Amino acid sequence: MAVRTEIRGDAAIVYLDSPPVNAISKDIRQGLKDSFDTLTKDDNISRIILTGAGKFFAAGADAREFDGPPIEPHLPDVAALIEACPKPCIAAINGAALGGGYELALVCKYRVATPGALLGLPEVTLGVIPGAGGTQRLPRLIGVASAVSLISQGQLVKGKKALELGLIDHLADDPLEYALTMDIAPLAGKRPLCDTANPTPDDAAITAAREQASKRMRGQTAPHRAIDLVELTTTTGFDTGMVRERETFLEIRQLDQARALRHMFFAERGAKMPASLQNVNATDITKAVVVGGGNMGASIAYGMNGAGIAVTVIETDSDAVERATSNIDRLFAAALKRGLLDQDTADKRREQITIQVGYGGISDAGLAIEAVIENMDIKKIVLAELDAALPAHAVIATNTSYLDIDEMAGAVADPARVLGLHFFSPAHIMKLLEIVQADKTAPETLATAFRLAARLRKVPVLAGVCDGFIGNRIYARYREYADIIMIDGSLPWEIDEAMVDFGYAMGPYAVQDLSGLDIAYANRKRLAPTRDPNRRYVAIADRMVEEGRLGRKAGVGWYRYPGGGGAVIDPLLEDLICDEAHFAKVTRGEFTDPEIQDQLLAMMINEAFDILDEGIAASAADIDLVLVYGYGFPRWRGGLMHYAQTVGLAKILGQIKEYARLDPVIWQPSRLLRQLVQDGQSIEDYENEKAARTSGQRG
Ligand code: COA
C-alpha cells in the first residue's frame, strides 16, 4: 500500500510509502484522500502526522505520469483536502521533501524536519512549475523575495537554512517523535496558508529573479512562468491563483522543454552499471595510479583523492614532478579559496597524494590511468611499464581521447584488464566519464570502472572503440562542418552566435580557443594520411596553429584576448578566411542563424545515428548524456538524439539529403536513420524492438 496509517494513542501517523523515494503517484494520492476522508471523521484522533517511510518524505510528483493525461485524484485537490482538515496536521519531514512532497508539507499546520532533510520546489529543473499550490502558498509563508528566488531557480535548502527562511517551523533529529509529543493547542488557531493575506509586492525581487532566470536558465520557459505565478500572489485571491497555476502546469508539462528535461532526468538515473555486469566481481578502488601530472592527470588525481582514493602520480623526472606538484597544489588552493575545503581537510587529503619519478611502490594499486601525451608509441611504453609494476588483477586504463585502445592494449600481457576511461577537462568537475570497452576488455574490468565512476559521482557512459569514441567523434564532425560553413560564408563569431542562440553556452570557436587549437591540429595531422582526398578540407585552423594562434593561452586564436581579458573580434581573421576561400576557389555566400544551426545539428545527428548503428553507443540516451555532460549541448533540448526525435527524423533526413545534393562526400545519410524513416519508427520503437530481440535471443 502506497499510504498506510498507524494509530498511536490519539495520533494518526500517515506514512507515504512508495519506495524508493515516495514519488507521489496516483496510488499515493488516492491513499492520502482515503486516509484523510476517514481520519477527519474519526473522533478518537486529535492529531494527524504526515511522514515518509524510509529515507525520504517524498521526492515530488511521479514524473513518469507527466507524459499521459492527468489521473484523478489530482494533487492540488488532495492538498486542499489536507489543508481543510479540521484536526491539526503536522508534517514530520524525515528526509527530502521536494516538489509535490514539500507542497504536501505546506498544507500541514506545522512542519518539523531533520537537520539533513532537503527541501524545496525544484520543478523548473524538470521544465514545469510547482503544480499543487507551491507558487501560491510559499510566497504567503515566506514572502515574495525568498519564494521567487527558490522557485524560479529550483533551489533546494537544508535544515538550518530552511528554518531561517521559514520553510519549516522546527528542526528535530526525530521529527516523528517531536510531532507525537509537541503541544498542539497553538495550532488550533493557526490559519491555513490558503486563508492568509496576499503577500507584500516586491518588484525588485521579481525583476532580479527574471534577470537571473534569463541568465542562468537561458531559453527556458518554466522559470519565467513560475515567476509570473509568484507575482500573481500579491494581487489576486488564492483561488484564482490556484486556477492559473493549474492551467500553467497542465500547459507546460507538455512542452518540448519539459519532455526534454524529463528525458534527461531519467537518462541520468539510467547511467549506471549495465544489468549484464550486475553479478560480475567489481573491485572497489582505494589505491590508484595516475601517469602524467599535466592539467588532465592532476585533475584526475585530485578528483580521485577527493573520493577517498590514495593516489600515486608518476612522472618522468624531477622537473616534471615539480610541475605536477604545482598543478595539484593549485587545485587545492582553488578549493580552499572557494571555501570548498578547510585547511585541515586539505592537508589530510594532500597527504594521500604521492608524486614521484618512475613506477616504484605501486604493487598494491587496484587501478592505473595513463594521462600522458596523445601519442600511441609513448602510451604503449607507459602501459607496458604499468603492466610490469602493477599487481596482476589491477585495471589499466587510458585516458586517450581518440587513439585505438585495441592497439594500445597489445602492449599489455593480459589485454582483458585494459580499457579507456575518458575524462573531460577539468576532470574533477566535469561529470561525464566515457568508459571505453576494448575488444578484449574483461567484464570484471568494466564493472570495476563503473564502480569507480559511482564513487567519483560521474555520469558513466559505455562506449566502443572508434576514432573519438562517442563524444569526440561527433564533435569532430561538428568542428569540421563549422569550418566548411566558415569558408563558405560565415565568420567564426557568427557561427558561435548561432549556436549560443540554439542554447549552447559557447559556440565551437570560443570552445576551441578555451581548450587550445593544438590538440585538434595534432589529431588532424594524424588522420591526414587516411583522409579521403575527395572530402573538402578547410586548412584555416591549421594555418592558425602554424602562426601561433593557439587560443586563449596564446592571447589569440579565433578571437583576440587583449591583456588576457575577454574575447574581442579580430578583423584580421576575416581577411585570412576570405584569402583562404579565394585560394580554394569558393564563392562566399551568407547563412542565416537557423541555416547554420540546422546544418551543424544535422551533421552531428547523422554521425550519432551511425554511432548507434555500429554499437559504439549502447543507446540514444547515452549519446544524449555525452553531448549534454561533455559538450555543452543544451540540457533543456534533451540531448542530440532526443532533439532529433523532437524535430522529426523524416525532416532531418530530408535536410541531410538536400545538403548531400551539394556535397555527397561529406553528407552520407546514416543507414539507421534511413531505415527508421522508411519504417516510420521512432528511436524509442527501434530501441524497444532491439531490446525485445536481445531478450528473445537470451530466452
Ligand atoms: N518521479 C519519478 N521517479 C523518481 C522521482 C520522481 N519525482 N524522483 C526520483 N525518482 C526515481 C528515480 O528515477 C530512480 O529510479 P530508478 O531506481 O528506477 O533509477 C529512483 O527514484 C531513485 O532516485 P535517485 O535520483 O537515483 O536517488 P537519489 O537518492 O540519488 O536522489 C532525490 C533522490 C529525491 C534527491 C532525487 O531523486 C531527485 O531529485 N528527484 C526529483 C525531485 C524533483 O525534481 N521533484 C519534482 C518533481 S515534479
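**Exercise 1. Work out how strand 10 sits among its neighbours, starting from its five bridges to strand 11.**

Five bridges tie strand 10 to strand 11 (residues 310-315), and the two run parallel. Strands here are DSSP runs of E with at least two residues, helices are runs of H or I with at least four, and both are numbered from the N terminus. Two strands count as paired if DSSP finds at least two bridges between them. Before going on, a word on the model: it's a predicted one, so local features need pLDDT of at least 70, side-chain atom pairs count only at pLDDT 80 or more, and totals for chains, interfaces and linings use all residues. Residues are numbered from 1 along each chain as its sequence is written, and side-chain values use heavy atoms, with hydrogens and water left out.

Step 1: pick a residue pair. Ala-288 stands opposite Val-311 in strand 11.

Step 2: look at the other partner. Strand 10 (residues 287-291) is joined to strand 13 (residues 367-370) by four bridges, again running parallel. Val-290 has Ile-369 as its bridge partner in strand 13.

Step 3: check burial, where buried means under 20% relative accessible area, exposed over 50% and partly exposed in between (1.4 Å probe, protein chains only). Four of the five residues of strand 10 are buried, so the strand is largely enclosed by the rest of the structure.

**Exercise 2. Lay out the eight-strand sheet and find its edges.**

Step 1: write the order. It goes 12-11-10-13-14-15-16-17, an open sheet with mixed pairing.

Step 2: find the ends. Strand 12 (353-357) and strand 17 (459-464) each have a single partner strand, so one side of each has no neighbour in the sheet.

Step 3: add the twist. From one strand to the next it averages 25 degrees, with axes taken as lines fitted to C-alpha atoms (for helices over the stretch in contact) and angles running from 0 to 180 degrees between N-to-C directions.

**Exercise 3. Do the same for the three-strand sheet.**

Step 1: the order is 5-7-8, open, with mixed pairing.

Step 2: strand 5 (97-98) and strand 8 (156-158) are the edge strands, each pairing on one side only.

Step 3: strand 5 and strand 7 (residues 118-120) run parallel and share two bridges. Ala-97 is found opposite Leu-119 in strand 7.

**Exercise 4. Describe what surrounds the ligand.**

Step 1: count the shell. There are 17 residues around the ligand, and the closest are Ala-59, Ala-61, Asp-62, Ala-63 and Arg-269; a residue qualifies if one of its heavy atoms lies within 4 Å.

Step 2: sort by class. The shell holds 13 nonpolar, no polar and four charged residues. Helix 11 (residues 256-270) supplies the largest share, three residues.

Step 3: list polar contacts, meaning pairs of N or O atoms within 3.5 Å. A ligand nitrogen atom is 3.0 Å from a backbone N or O atom of Ala-61. A ligand oxygen atom lies 2.7 Å from a side-chain N or O atom of Arg-269, and an oxygen atom of the ligand is 3.2 Å from one in the side chain of Lys-272.

Step 4: get the cover. Alone, the ligand exposes 870 Å², and the protein buries 71% of that (Shrake-Rupley method, 1.4 Å probe).

**Exercise 5. Place Leu-250.**

Step 1: Leu-250 belongs to helix 10 (residues 238-252).

Step 2: its relative accessibility is 30%, so Leu-250 counts as partly exposed.

Step 3: Pro-70 is 180 residues away from Leu-250 in sequence, yet their C-alpha atoms are 8.3 Å apart.

Conventions
A polar contact is a pair of N or O atoms within 3.5 Å; within protein, one must be able to donate a hydrogen and the other to accept it, and residues adjacent in sequence count only if both atoms are side-chain atoms. Ala, Val, Leu, Ile, Met, Phe, Trp, Tyr, Cys and Pro count as nonpolar, Asp, Glu, Lys and Arg as charged, and the others, Gly among them, as polar.
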